[in-house]
Amino acid sequence: MSGAAFWGHDGKALADFYAAALGWKVTQTYGDSAAMISDGTTGYVFYTAKDFRAPDWPADELVFHLELACDDVAATEELLLSLGATKPDHQPGGERWTVLLDPSGQPFCISARG
């Protein structure tokens with residue numbers, strides 16, 4: 001299985017957000033500070049970092065960000081906002097992609113599949 005690790009102010013809450021966003025499941029928890037989500041081939045682990053500070057985007061450069069492809073961008077945006085994402089005013093992608101901030105304040109993008 002391939003995967004990646006992410007840090008935020010509440011790893012378990014962030015795992016719940018991305019599991020719901022991706023339609024995956026929380027497959028393992030590690031005490032109160034971390035959780036893993038997976039679709040069976042890829043896994044993401046989310047850790048709690050007590051000194052976590054979200055990037056001040058777009059002023060701060062990003063080390064990385066996720067890009068999620070979907071069939072219906074408007075419906076996906078609505079779902080993600082209902083799950084706790086926020087939409088910043090700065091939208092550099094025009095009609096190609098939409099930037100959202102996850103509940104920990106980290107930017108990620110959604111765009112149309114294909």
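This report walks through a four-stranded sheet, the helix packed on it and the largest pocket of a predicted model.

Residues are numbered from 1 along each chain as its sequence is written. Because the model is predicted, local features need pLDDT of at least 70 and side-chain atom pairs count only at pLDDT 80 or more, while totals for chains, interfaces and linings use all residues; side-chain values use heavy atoms, without hydrogens and water.

**The sheet and its helix**

Let's start with the open sheet, where four strands run in the order E1-E4-E3-E2 with mixed pairing. Strands (E, at least two residues) and helices (H or I, at least four) are DSSP runs numbered from the N terminus, and two strands pair if DSSP finds at least two bridges between them.

| Strand | Residues |
|---|---|
| E1 | 2-8 |
| E2 | 25-30 |
| E3 | 34-38 |
| E4 | 42-48 |

E1 and E2 stand at the edges with a single partner strand each, so one side of each has no neighbour in the sheet. On average, neighbouring strands are turned by 20 degrees against each other, direction ignored. Helix H1 (residues 11-22) packs on the sheet and touches E1, E2, E3 and E4, contact meaning heavy atoms within 4.5 Å. The direction of H1 makes about 150 degrees with that of E4; axes are lines fitted to C-alpha atoms, for helices over the stretch in contact, and angles run from 0 to 180 degrees between N-to-C directions.

E2 and E3 pair in the antiparallel sense over five bridges, and Lys 25 stands opposite Ser 38 in E3.

**The largest pocket**

The largest pocket holds about 260 Å³ of space. Of its 16 lining residues, Pro 55, Leu 62, Val 63, Phe 64 and Gln 106 are the closest to the centre. A pocket here is an open set of points on a 1 Å grid over the protein atoms alone where a 1.4 Å probe fits, with protein on both sides within 12 Å along at least five of seven lines; lining residues have an atom within 4 Å of a point. Strands E1 and E7 (107-112) each supply at least two lining residues.

Terms used:
Points joined across faces, edges and corners; volume = space filled by probe spheres on them.
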